[in-house]
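I opened this notebook to record, step by step, what I looked up in one structure. The entries follow the order in which I asked.

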Amino acid sequence: MNDLQELLDRVRENTRSGSRRALRAALAALLGNRKEYYRQSVALALEEPLADAFYKALLLELDEEEEEGIETAELAYLMLSSLIDSPAANREHYKTRLLLLHYFADYFTDVVIEVFLAAYRKEHLLQARNLALECIEKMQLADMFHLEDHAPGFLERDEQLIDACNAIETAPDLTEEERSQAALLHQVLPAYLRTKYK
């Protein structure tokens with residue numbers, strides 16, 4: 001197994017230099033042992049660069065199997081959520097988590113059903129999937145609200161974020177209680193994933 005810090009340094013350097021082939025190789029090496037590297041990142045306080053690397057790997061579609069992609073997305077989400085719950089939280093963490101849920105919503109439907117909608121799973125799978133996608137949109141709204149409240153103007157200056165927010169079909173005029181419930185989803189899901197990947 002390659003050293004985690006060394007691989008993350010290679011990802012950072014190849015991103016900066018624009019060396020796409022070398023970047024893909026470094027990311028593939030991380031994905032080859034993603035769960036162990038996730039555990040190391042927690043112990044070594046390297047969650048931020050690893051979450052970023054996993055997000056890049058998802059964008060580049062490096063996982064060969066959907067199951068692997070789901071695992072990469074869940075681990076990236078888990079690390080971003082941990083960062084957001086820490087004193088190191090910043091607007092970029094919220095942005096990346098929102099975009100992760102936007103671009104890879106399908107990767108999160110099964111776990112959202114398992115955690116929040118288990119009663120629907122057997123007999124009403126289509127309804128469960130639609131409700132799961134609605135939950136995922138509410139989680140995106142929770143991050144959008146946070147950015148609007150704590151980073152004025154940031155959202156409006158970012159085209160990716162604007163596009164992602166405009167794609168949300170759930171009406172954004174949530175009551176305070178609904179906003180709290182949306183934010184709570186971001187507490188429950190990471191707790192479940194933390195147990196899953198411990």
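**Entry 1, the fold.** In what order do the elements of the protein chain run from the N terminus on? I was working with a predicted model, and I read the elements as α-α-α-α-α-α-α-α-α-α, a chain with 10 helices and zero strands. I then looked up the radius of gyration, which is 17 Å, close to the 16 Å that the globule rule gives for 198 residues, so the chain is as compact as a globular protein of that length. The C-alpha trace spans about 45 × 45 × 30 Å along its principal axes. I also noted that 45% of the 198 residues count as buried, and that, of the contacts with a separation of 6 or more, 71% are between residues 24 or more positions apart.

**Entry 2, the core.** Which residues have the most contacts inside the largest nonpolar core? I found L27, L30, L50, F54, Y77, L100 and F108, in a core of 62 residues. Helix α8, residues 125–150, gives the largest share of this core, with nine residues. In soluble globular proteins, nonpolar side chains tend to be buried together. I followed L30 further and, leaving aside its neighbours within four places in sequence, found it in contact with L4, L7, L8 and V11, and also with Y37, L50, A53 and F54.

**Entry 3, C135.** I stayed with helix α8, where C135 has its place, and asked whether C135 is buried or exposed. C135 counts as buried, because its relative accessibility of 15% is under the 20% cut-off. Not counting residues up to four places away in sequence, C135 touches V112 and L185. For V112 I also noted the distance to C135, which is 7.7 Å from C-alpha to C-alpha, with their positions 23 residues apart in sequence.

**Entry 4, the largest pocket.** Which helix supplies the largest share of the lining of the largest pocket? It is α8 again, with six residues, while α5 (66–84), α6 (91–103), α8 and α10 (176–196) each supply at least two. I recorded a volume of about 230 Å³ for this pocket, and among its 15 lining residues the closest to the centre are Y94, A142, D143, H146 and A183. By class, the lining holds five nonpolar, five polar and five charged residues.

**Entry 5, P172.** My next residue was P172, in the loop between α9 (159–166) and α10. P172 counts as partly exposed, because its relative accessibility is 48% and exposed would need over 50%. Not counting residues up to four places away in sequence, P172 touches L141, M144 and F145. I also looked up K138, 34 residues from P172 along the chain, and found their C-alpha atoms separated by 8.5 Å.

**Entry 6, positive phi.** Where does A45 lie? A45 has its place in the loop between α3 (34–44) and α4 (47–59), and it has a positive phi of about 55° although it is not a glycine. I noted A45 as exposed, with a relative accessible area of 64%. E61, in the loop between α4 and α5, is not a glycine either, and for E61 I recorded a positive phi of about 55°. E61 is exposed, with a relative accessible area of 68%.

Terms used: Residues are numbered from 1 along each chain as its sequence is written. This is a predicted model: local features need pLDDT of at least 70, side-chain atom pairs count only at pLDDT 80 or more; totals for chains, interfaces and linings use all residues. Side-chain values use heavy atoms; hydrogens and water are left out. A nonpolar core is a set of buried Ala, Val, Leu, Ile, Met, Phe, Trp, Tyr and Cys residues joined through side-chain atoms within 4.5 Å. Buried means under 20% relative accessible area, exposed over 50%, partly exposed in between (1.4 Å probe, protein chains only). Contact means heavy atoms within 4.5 Å. On a 1 Å grid over the protein atoms alone, a cavity is a set of points where a 1.4 Å probe fits but cannot get out, and a pocket is an open set with protein on both sides within 12 Å along at least five of seven lines; lining residues have an atom within 4 Å of a point. Grid points are joined across faces, edges and corners, and a volume is the space filled by probe spheres set on the points. Ala, Val, Leu, Ile, Met, Phe, Trp, Tyr, Cys and Pro count as nonpolar, Asp, Glu, Lys and Arg as charged, and the others, Gly among them, as polar. The radius of gyration is taken over C-alpha atoms; the globule rule is 2.2 Å times the number of residues to the power 0.38.
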